[in-house]
Amino acid sequence: AEKLGHHLKGEKISHGYSGPLKRAVVTAEKVLAHHPGAQLAVADYLDEQNLGEAANIPKAVWKEIKKKSTEPWHLFKAEKGESYTDMQARAVKFFHELIAKHLPNDTILIVSHGGTLGVLLLNILEKELTEENYRAHQPKNAEFTIVEIGEDGVKKVNTLNSGEHLN
């Protein structure tokens with residue numbers, strides 16, 4: 001988080017949004033420490049996937065349950081949880097709300113978790129939500145992506161899942 005903050009200090013960040021989990025909030029705070037005019041808002045829309053009743057079972061058991069399921073990967077969900085499709089719809093809705101809310105020259109920092117950011121990136125890149133695409137585009141911890149949105153709404157990815165600051 002420290003290295004990411006230092007790396008992005010030259011960017012003109014005007015607003016920050018973070019998922020509610022502590023590690024996302026801390027990362028956002030580290031980045032925004034270099035941008036004193038930017039305020040941080042915590043948004044539940046940026047939370048990690050809701051695993052519902054599966055949240056309390058061991059990860060290895062959960063993976064086995066998913067593997068044995070006949071449900072398509074992107075639609076599979078635990079009781080009272082959400083699928084990757086549900087998570088993508090939530091993240092994309094929030095992303096579009098941010099675009100509508102902010103001015104064209106605003107630079108927005110979004111900090112979340114690999115799952116949430118991965119499904120959001122697939123939407124931005126106009127790629128199908130498949131496990132293969134998701135695994136190929138899911139960012140690792142502290143990686144960053146820079147997306148430029150033109151006044152016509154066209155999205156251009158300038159940097160994708162960069163970890164250059166980690167070296």
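Biologist: Why is Lys67 called exposed?

Modeller: In this predicted model, Lys67 has a relative accessibility of 65%. The label exposed needs over 50%, so Lys67 qualifies.

Biologist: And what makes Lys67 and Glu64 a salt bridge?

Modeller: Their closest N and O atoms are 3.5 Å apart. The cut-off is 4 Å between a Lys or Arg side-chain nitrogen and an Asp or Glu carboxyl oxygen, so the pair counts. As for the chemistry, side chains of opposite charge can pair when their charged atoms come close. Glu64 and Lys67 are 3 residues apart in helix H3, which means about one helical turn separates them.

Biologist: Which label does Glu64 get, buried, partly exposed or exposed?

Modeller: Glu64 comes out at 35%. Partly exposed is the band between 20% and 50%, so that is the label for Glu64.

Biologist: How many salt bridges turn up in the whole structure?

Modeller: The search finds 7. One of them joins Lys30 and Glu2, with the closest N and O atoms 2.9 Å apart. Lys30 sits in helix H2 (residues 22-32) and Glu2 in helix H1 (residues 2-7), so this pair ties together parts that are 28 residues apart in sequence.

Biologist: Why do Lys30 and Glu2 get their accessibility labels?

Modeller: Glu2 has 53% relative accessible area, and over 50% is exposed. Lys30 has 31%, which lands in the partly exposed band because that band runs from 20% to 50%.

Biologist: What makes Arg135 and Glu131 a salt bridge?

Modeller: Here the closest N and O atoms are 3.6 Å apart, within the 4 Å limit, so the pair is accepted. Both residues belong to helix H6 (residues 131-137), and being 4 residues apart there puts about one helical turn between them. Arg135 is partly exposed at 43%, and Glu131 is partly exposed at 38%.

Biologist: On to nonpolar side chains. Why do Ile57, Val61 and Ile65 count as a patch?

Modeller: Each member needs over 30% relative accessible area and no salt bridge, and nonpolar side chains are joined within 5 Å. Take Val61, in helix H3 (residues 59-68): its relative accessible area is 40%, so Val61 clears the 30% bar. Together the three residues offer about 200 Å² of accessible area.

Biologist: Now the rings. How many aromatic pairs are there?

Modeller: The count comes to 6. One of them is Tyr45 with Phe94: 5.7 Å centre to centre, with 15° between the planes.

Biologist: Why is the Tyr45 and Phe94 pair called stacked?

Modeller: Ring centres must lie within 6.5 Å, and planes under 30 degrees apart count as stacked. With 5.7 Å and 15°, the pair passes on both counts, so stacked is the word. The two rings come from distant parts of the chain: Tyr45 is in the loop between strand E2 (39-42) and H3, while Phe94 is in helix H4, 49 residues apart. Tyr45 is partly exposed at 30%, whereas Phe94 is buried at 7%.

Biologist: And what makes Trp73 and Tyr134 tilted?

Modeller: Their planes are 45° apart, and the centres are separated by 5.3 Å. Tilted covers whatever is neither under 30 degrees nor over 60, so 45° belongs there. Trp73 lies in the loop between H3 and H4 and Tyr134 in helix H6, so the pair ties together parts 61 residues apart in sequence.

Biologist: How do you know that Trp73 and Tyr134 are buried?

Modeller: Buried means under 20%. Trp73 has 18% and Tyr134 has 3%, so both meet that rule.

Biologist: Which residues share an aromatic cluster with Tyr17?

Modeller: Tyr45 and Phe94; the three form one cluster.

Biologist: Any backbone oddities? What is noted about the phi of Asn161?

Modeller: Phi is positive, about 50°, although Asn161 is not a glycine. Asn161 lies in strand E5 (residues 155-162) and is buried, at 14%. Lys80 also has a positive phi, near 65°, but sits in the loop between H3 and helix H4 (84-101) and is exposed, at 64%.

Biologist: Last one: which residues does Lys9 touch beyond its sequence neighbours?

Modeller: His34 and His35, leaving out residues up to four places away in sequence. Lys9 belongs to the loop between H1 and strand E1 (15-18). The C-alpha atoms of Lys9 and His35 are 7.1 Å apart, with their positions 26 residues apart along the chain.

Note on methods:
Residues numbered from 1 in each chain as written. Predicted model: local features only at pLDDT ≥ 70, side-chain atom pairs only at ≥ 80, totals over all residues. Heavy atoms only, no water. Patch = residues over 30% accessible without salt bridge, like charges linked within 9 Å, V, L, I, M, F, W, Y side chains within 5 Å. Areas by Shrake-Rupley, 256 points an atom, 1.4 Å probe, with all protein chains shown as cover. Helix = DSSP H or I, 4+ residues; strand = E, 2+ residues; numbered from the N terminus. Buried < 20%, exposed > 50% of the residue type's maximum accessible area, 1.4 Å probe, protein only. Contact = heavy atoms within 4.5 Å.
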